[in-house]
2 protein chains.
Amino acid sequence: MPARAHAAIITVGTELVTGQRLDTNGAEIAAALLASNLDVIEMLSVADDVDRLATHLARLTAECAVVVVTGGLGPTHDDITREAASRALKRPLVRDDEIVRSLSGIVARHKEPDAAEHILTQADVIDGATVIMPTTGTAPGQVVPTPGGVLVLLPGPPSEMRPMLTSFLGTAHRARPPVRLRSTGITESDAQIAAQRVLSDAPGVGLTVLAAPADVEVVLFDEGAGPFELERLGALIRAELGDVCYSADGSSLGETVLALARERHARLACAESCTGGKIAAALTDVPGASDVFEGGVVSYSNELKSGVLDVPAGLLAQFGAVSEQAALAMASGVAALTHAEFAVATTGIAGPGGGTADKPVGLVWFGLQTPSGTSAVRREFFGDRAGVRTRATMFALDLLRRALLEF
Amino acid sequence: MPARAHAAIITVGTELVTGQRLDTNGAEIAAALLASNLDVIEMLSVADDVDRLATHLARLTAECAVVVVTGGLGPTHDDITREAASRALKRPLVRDDEIVRSLSGIVARHKEPDAAEHILTQADVIDGATVIMPTTGTAPGQVVPTPGGVLVLLPGPPSEMRPMLTSFLGTAHRARPPVRLRSTGITESDAQIAAQRVLSDAPGVGLTVLAAPADVEVVLFDEGAGPFELERLGALIRAELGDVCYSADGSSLGETVLALARERHARLACAESCTGGKIAAALTDVPGASDVFEGGVVSYSNELKSGVLDVPAGLLAQFGAVSEQAALAMASGVAALTHAEFAVATTGIAGPGGGTADKPVGLVWFGLQTPSGTSAVRREFFGDRAGVRTRATMFALDLLRRALLEF
């Protein structure tokens, strides 16, 4: 297999190394560099410290063909990326008149009198760099020549970073995209072993297994495999995984459920208690969800369960809101309300409070209404409130997927 | 101000540097180390590459009192952290009989015959290390002495990592916690300048400003400030920020709204079209939300708007589902349905499709019902589908917050 050129990513910000903000740029840029056939050897987050950043820039520009930096290009006192890059590459900063002009409107919009001086530091360009003008935001990007390739400086806000990254990588060579098999209801170990068995004599294919709550992804990378080899091996691994595998192209479970419903001209609805809107949010995250998703009810109170979903008050009094009977009645109720053919309902105890010996934290009853009738499933999930809610949301979506597949 | 000891964090996994998985451990560990008065100088993500990881471990253990590594401790072929740490510190790996025994039950639960051999690699301990036994999962953690302090190896899954990190840091000194002022409806620059004006002659206080869509956080760190100094300066900055500032202790907007409602014995409800469950999910993310949140309706279809929320079909035909009239009727409808005193409704065009010249992508109408009556607000948000939905969710929660404050 051909060796790939090395790349590195640095995200700059004291907020990152103090845990005040989660970095999402690193993962996004890494995926884009991989798709451009670059081998990312490290992703680094550093504080707003000019000396340290300059040291890392000198180290990584010496080793990598492409170094991408995000953050520290804004107008505030802790935006130190321009200065650090200038020092590391020993190239001076030059104020760019065209950028100064482009910033005049933005200067006028700010209320604070000191803002102009801060904002104009964004017009300082490293000598020899190509400027990438912003389509949103105020900070321009810069592509700076290095001894081994280029240093790319991009702003931190993802909405500003993204179009500049696309523009920079636009002409780069694209490798074959990875095959991404996603499953729910299997352990990471079992998925890994199933994949390794298939790949035991398959050179030129890289393997990574990723796990999130109730979501395991097997990723096959092109590392010199022949044409259609990734697809062939992906199909074999999918067969090993069996029906826990819900998508072969990286689609989310929400996307999978909506696509199945669209194919079958079926409409969907949900009634949520413990998941509190997360099933609806997962479905409506997907563009075009309104084609098949009618909507749902977040019935946190018993009054809403009775008044809107027609769950009999006597049933709630006798069996409790977290019960097989309530889950069944919620699913039928929301199906009747929305005229959806497929409806799922959740009622459970997400915690941390509210658990009893009979009904512990993590217990969730699911109701399902399909054209074939109603059914209920009981599950106990482990984890904290967020974990229980996420696992219950995935399980409910998977019930819809399996019901749609049989339809 | 006293200098703090240095720390570094390494997260291990090819899935991280290829952008297949977002690292959340780094930020969580960084926050915990900061709270233990350690200065995190870098956060690094590297691939499953034994040589590179060993090189970084040698570099960082020489410079830092504490180096925390997560990931690469599991049972699979790419779990290379034990081997890399052994090489970097020149200490052999020794198989631990007690861990072998603790893993016997787990070995039995796996379906694949090869799993046992993989799983038992987790019993390999670096000579001289203290083992942290897992409370969930199978991989033990290790605390290894280094020339300058300790190297802490923790498993990658957050639910396994977290209790071990807490256990390791349990006895560490805690610094004064940071003051975290959160605002919505102000730019990052304006917030920064307001904070800097107050802090211009305040030594011993560190400042970071973080921005997420429709959410700006001003964080003040203790860097040697006197007693109550952080709190005093936080109050001054809060006064500068004005009513855009919704919390002074880092609480989310959902937490803030629920706390205000609880104080006022008011109940809440929502009717969501374009936000599709995200308002309900933001509120029900908070433990105890059921005290004041009655629930809501995700009325994606017009039938649900008419049939459940009593929005007249004629109104929808005349003005459209995305209109002032529809927003007002949805808010009143869900308030009537749930008997909540405060209700908010959203109807808009999240995109990418569905926009027109009159009603562009990003347009959202908000309806609000309070004990004083009903009102509607029109906003146009920029950004992609996810951005519009997040900004609209924050704006809707802020409408509830402001209405509750006046009540």
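Which strand does strand E1 (residues 6–12) of chain B join, and through how many bridges? Select residues 6–12 and 39–46 of chain B: E1(B) and strand E2(B) run parallel and are joined by seven bridges. Within this pair, Ala7(B) stands opposite Val40(B) of E2(B). Keep in mind throughout that this is a predicted model.

**The whole model**

Show chain A alone. Chain A has 407 residues, of which 54% count as buried. Its secondary structure comes to 16 helices and 17 strands, and its C-alpha trace spans about 75 × 60 × 40 Å along the principal axes. Among contacts in chain A with a separation of 6 or more, 66% are between residues 24 or more positions apart. Colour by confidence: the mean pLDDT of chain A is 90, and 97% of its residues reach 70 or more. For the complex, the predictor gives an ipTM of 0.72 and a pTM of 0.73.

**The two copies**

Now show both chains and superpose them. A turn of 180° with a shift of 0.0 Å along the axis lays chain B on chain A with an RMSD of 0.1 Å. The two copies are therefore related as by a two-fold rotation axis.

Next, select the interface. Here 75 residues of chain B are in contact with 76 residues of chain A. On the side of chain B that touches chain A, the residues divide into 32 nonpolar, 30 polar and 13 charged. Of the interface residues of chain B, 100% are also interface residues in chain A, so the copies meet through the same surface.

**The sheet shared by both chains**

Return to E1(B) and E2(B) and extend the selection along the sheet. It is an open sheet of twelve strands with mixed pairing, in the order E6(A)-E7(A)-E8(A)-E3(A)-E1(A)-E2(A)-E2(B)-E1(B)-E3(B)-E8(B)-E7(B)-E6(B). At the edges are strand E6 (130–132) of chain A and strand E6 (130–132) of chain B, each of which pairs on one side only. On average, neighbouring strands of this sheet are turned by 15° against each other, direction ignored. Add residues 25–35 of chain A, which form helix H2. H2(A) packs on the sheet, touching E1, E2 and E3 of chain A together with E2 of chain B, and its direction makes about 160° with that of E1(A).

**A second pairing between the chains**

Select residues 293–299 in both chains. This is strand E14 in each chain, and E14(A) and E14(B) pair in the antiparallel sense over five bridges. Val298(A) stands opposite Gly296(B) here.

**The four-stranded sheet of chain B**

Move to the open sheet of chain B with the order E10-E11-E9-E12, where the pairing is antiparallel. Its edge strands, E10 (205–212) and E12, each pair on one side only. The twist averages 25° from one strand to the next. Eight bridges join E10(B) to E11(B), residues 215–222; one position to label is Leu210(B), whose bridge partner in E11(B) is Glu217(B).

Two helices come next. Helix H9(B), residues 188–199, lies across E9, E10 and E11 of chain B and runs at about 165° to E10(B). H10(B) lies across E9, E10, E11 and E12 of chain B, at about 10° to E9(B).

**Last stop: Gly242(B)**

Follow H10(B) to the loop between this helix (229–241) and strand E12 (245–247), where Gly242(B) is found. Is Gly242(B) buried or exposed? It counts as exposed because it has 11 C-beta neighbours inside 10 Å, and the cut-off for exposed is 12 or fewer. Finally, label Leu315(B): its C-alpha atom is separated by 38 Å from that of Gly242(B), 73 residues apart along the chain.

Terms used
Residues are numbered from 1 along each chain as its sequence is written. Chains are lettered from A and ligands numbered from 1 in the order in which they are written. This is a predicted model: local features need pLDDT of at least 70, side-chain atom pairs count only at pLDDT 80 or more; totals for chains, interfaces and linings use all residues. Copies are superposed by least squares on the C-alpha atoms of residues with pLDDT of at least 70 in both. Two residues are in contact if their C-beta atoms, placed from the backbone, lie within 7 Å. Ala, Val, Leu, Ile, Met, Phe, Trp, Tyr, Cys and Pro count as nonpolar, Asp, Glu, Lys and Arg as charged, and the others, Gly among them, as polar. Two strands pair if DSSP finds at least two bridges between them. A residue is buried if 20 or more other C-beta atoms lie within 10 Å of its own, exposed if 12 or fewer, and partly exposed in between; C-beta atoms are placed from the backbone. Axes are lines fitted to C-alpha atoms, for helices over the stretch in contact, and angles run from 0 to 180 degrees between N-to-C directions. pLDDT is the predictor's confidence in each residue, from 0 to 100.
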